[in-house]
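Got a minute to go through a model with me? I'd like to talk about packing, symmetry and rings.

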Number of protein chains: 2
Amino acid sequence: MSDTGFAKTPKPPYYAVIFSSRRNRHGEADYAAAAERMFELVQQQPGFLGAESARDDDGFGITVAYFDSEENIKRWRNHTEHAATRERGKREWYEHFEVRVAKVERAYNGP
Amino acid sequence: MSDTGFAKTPKPPYYAVIFSSRRNRHGEADYAAAAERMFELVQQQPGFLGAESARDDDGFGITVAYFDSEENIKRWRNHTEHAATRERGKREWYEHFEVRVAKVERAYNGP
């Protein structure tokens, strides 16, 4: 979601919210606008560290958002506009999704 | 990486290896064959719980592999053929990658 696609995260520990989803074929323009708005909003959230996202042509995608703490993940979860958009997503845009909240313990990069 | 794209994971806690990468434009057939072979191998590993993967048209991708323990993540890391393929990936296929190892603490799904 940065210029390069990679989140610039600090040294662990921190938290990852792994959101795996399969889109239906509906509402592409609305979905894209909502995704952009959510990314704009999350960047203003306390403790947000970055996000990464990829989606296959067939509609299966993974977004990982990084936060400094569980407390700030919950704060984002309770954000009014985010909650409303999530409900719309459940009704209109996703066939299925999985959310996993995980504590990042170690990290490295390459090549 | 299942029929639906979603990993069927048990109740937390378990571990996630989040691999974010940007492919270069080279070696598509070799890369695809190696990715398929690695998926075949990892399914035989002790403690492997499943994997999910998505890649954008522009070459940015996220793969998340789930394991039951850090011990079995390290065992897979030390697997001879996997290690050789990783080294080839560093030389030939990736502009950049990030690996984050995280403990999944809670999970839910929808809609």
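What follows is a short run of questions and replies.

This is a predicted model, where local features need pLDDT of at least 70, side-chain atom pairs count only at pLDDT 80 or more, and totals for chains, interfaces and linings use all residues. Residues are numbered from 1 along each chain as its sequence is written, chains are lettered from A in the order in which they are written, and side-chain values use heavy atoms, without hydrogens and water.

Me: Is H1(B) roughly parallel or roughly antiparallel to H3(B)?
Reply: H1 (residues 28–42) and H3 (residues 80–92) of chain B pack at about 155°, with axes 11 Å apart. Angles under 35 degrees count as roughly parallel, over 145 as roughly antiparallel, 65 to 115 as roughly perpendicular and the rest as oblique. So H1(B) is, relative to H3(B), roughly antiparallel.

Me: Which residues of H3(B) does H1(B) meet?
Reply: Contact means heavy atoms within 4.5 Å. From H1(B) come B:Asp30, B:Ala34, B:Arg37, B:Met38 and B:Leu41. Their partners in H3(B) are B:Glu81, B:His82, B:Thr85 and B:Arg88.

Me: What axis relates chain B to chain A?
Reply: A turn of 180° and a shift of 0.0 Å along the axis lay chain B on chain A with an RMSD of 0.0 Å, superposed by least squares on C-alpha atoms of residues with pLDDT of at least 70 in both. That is the relation of a two-fold axis.

Me: How far apart in residues are A:Phe19 and A:Tyr94?
Reply: A:Phe19 sits in strand S1 (residues 14–23) of chain A, and A:Tyr94 in strand S4 (residues 94–110) of chain A. The pair links distant parts of the chain, and the separation is 75 residues.

Terms used:
Axes are lines fitted to C-alpha atoms, for helices over the stretch in contact, and angles run from 0 to 180 degrees between N-to-C directions. Helices (H or I, at least four residues) and strands (E, at least two) are DSSP runs, numbered from the N terminus.
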